[in-house]
Structure formats: C-alpha cells, structure tokens
Amino acid sequence: MKPKLVSRLVAGAFLTVAASCSMAGQIVSGLGWIARESITTDAQAVTAPKVGYIFIGDIDARLQDQTIQIQFTLGSQATWATPGLAASIVMNDGVTGQPVSQGSAAGQYSVVALGLSADYKTMFATITVHSGTNVLVKQPVLAIAGSATAADNPQINHLKTVIDGLDQCDTRTKSLQVSFKHYIALSNPAALATDATAVPDEHVRAAATNTGSLLTFSPGIFMQVEATPAAGKLAAYAELIAARQDQVL
C-alpha cells in the first residue's frame, strides 16, 4: 500500500473516531505493526506511528492566545530516542475535520516547546493557538508523528527488551502501550508540566480513555544466510555420504 494512501486512511480513522466519541476524550493510534524479528538491539530506533488524542473540550482563542501542553508516555521499558520536530505535531478541528495550520497568524498554532522527560519516557509538546475573531477549535484532535516526512517524527528505542526475545515456536504477539496527559495554565511552558506546575485537564475528565496501543509486535519469518562451505568441506561431505552408502549396501 502506498505511503500517501496509508496516511489518508490513518487521518480518516482519526476523524471518524472523533465524530463518534462526543462523550469523553480518547487516545487513538495509527498503524503500528512490526515483525518481532526485525528488532535486534535496544539501541535500534524505530519511527513512531501517528498517535493522537481526541478532546472533548474546545480550544477557545477568541479573546486571547491559548497555551496547552500534551504529553505521551511510553509503557514497558521503551523510551523515546528523539522528540521529533515541530512539523510532526498536527491539529484538526474534530467537528469540521478541517486541519489547523502551524504559524503565528490568528487561528494558527505554534509549537513553542518540544522535548523529553529526564528518563526519556515522556515526550511533551507545548502548543499556543493564536487568538483572533472566531478562533474556536472545536473538540480538537492533536497528534504527534503526523508529518509525511519520516525524519520529522519522533523515534522510539529499547524495544528489544520490550519484546523479550524470540524463541522457537514462539507465536506470541506483544504490544507497547502509550498514555496521554493534557495540561493548561502552565507555569513554565518550556518544561515538562506536572500536577504541581500546571492544571490537568482532558485526561482527568470523566470516562476519558488515556492509554492505548502504540506498537504491536507479531512473529514473522527471519532468514539468516550463511556463506557456502569451502570446496574442501564439500568434498569431505561427499566422501562421508559415499561411505555411509557403502555401509548400507
């Protein structure tokens, strides 16, 4: 399947869920299937699939700029290798489906901070929606890893530990979870927000779904190619086979 078509399908899935979930915020992830055999070391970095959150509340910037912070925390032993670039942060109006553009003009949004927690478990993005007449983003859908350019998107590592190796006849499917938090009234927009430094919002609302599957690891087929034995070894194998045939006869 072509990458552009996959991107459209993922974007459509986000907006479809947004239209059907009007009672509570919900985390939603794109396509993230990986063959377990393809993960060989913890140092290996994998580009994150698109993952977002559908808000139940609106972002009302009709009178003044609105600054919020979104956070995505990895489960298990996985860590963020990189936070990606600002281009990977995307926003849509969840009611109309219209994308909101990045920029400094009224009605646009800026990514004013993008970083990782000290333990590399949490990626955070601080976003400002610039004020203007009728600037009201209804039930926004905010996502990371949303850029069509793979190099813009965040990466994840320590996945070898997550899948815990692969044995013969091992058909287990494993998954990596990710959790979401949202803060407003930030005392320091450049830093990772906590309940002590900001006001928790979407993730503490009733019936919110804040954790979902980010990556799924399923067993496949792994082939290892070795060099052909030297001519001398082949001759020895032929002599051994001939000797055994003589014994049978």
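Me: What is the accessible surface of the protein, and what share of it belongs to carbon and sulfur atoms?
Reply: This is a predicted model, where local features need pLDDT of at least 70, side-chain atom pairs count only at pLDDT 80 or more, and totals for chains, interfaces and linings use all residues. Residues are numbered from 1 along each chain as its sequence is written, and side-chain values use heavy atoms, with hydrogens and water left out. Accessible areas come from the Shrake-Rupley method with a 1.4 Å probe, and for residues only the protein chains shown count as cover. The surface comes to about 13400 Å², and the carbon and sulfur share is 56%.

Me: How many helices and strands does the protein have?
Reply: Both are DSSP runs numbered from the N terminus: helices are H or I with at least four residues, strands E with at least two. The count is three helices and 17 strands.

Me: What percentage of the residues in the protein are buried?
Reply: Buried means under 20% relative accessible area, exposed over 50%, partly exposed in between (1.4 Å probe, protein chains only). Of the 249 residues, the buried part is 40%.

Me: Which strands pair with β4?
Reply: Strands pair if DSSP finds at least two bridges between them. β1 (residues 26-29) runs antiparallel to β4 with four bridges, and Gln26 has Ile54 as its bridge partner. Val51 of β4 stands opposite Ile144, in a strand that is also antiparallel to β4 over four bridges. The partners are β1 and β13.

Me: Are the residues Val51, Gly52, Tyr53 and Ile54 of β4 buried or exposed?
Reply: Val51 and Tyr53 point one way from the strand. Gly52 and Ile54 point the other way, yet the verdict for all is buried.

Me: In the open sheet of three strands, which are the edge strands?
Reply: The order is β3-β14-β7, with antiparallel pairing. β3 and β14 (residues 155-157) share two bridges, and Thr47 has Gln155 as its bridge partner. Strands that pair on one side only are β3 (46-47) and β7 (79-82).

Me: Which element gives the largest share of the lining of the second largest pocket?
Reply: A pocket is an open set of points on a 1 Å grid over the protein atoms alone, where a 1.4 Å probe fits, with protein on both sides within 12 Å along at least five of seven lines; lining residues have an atom within 4 Å of a point. This one has 15 lining residues, with Asp58, Gln66, Ile68, Ile184 and Asp201 closest to its centre. Elements giving two or more residues are β5 (59-60), β6 (66-74) and β15 (174-184). The largest share, three residues, comes from β6.
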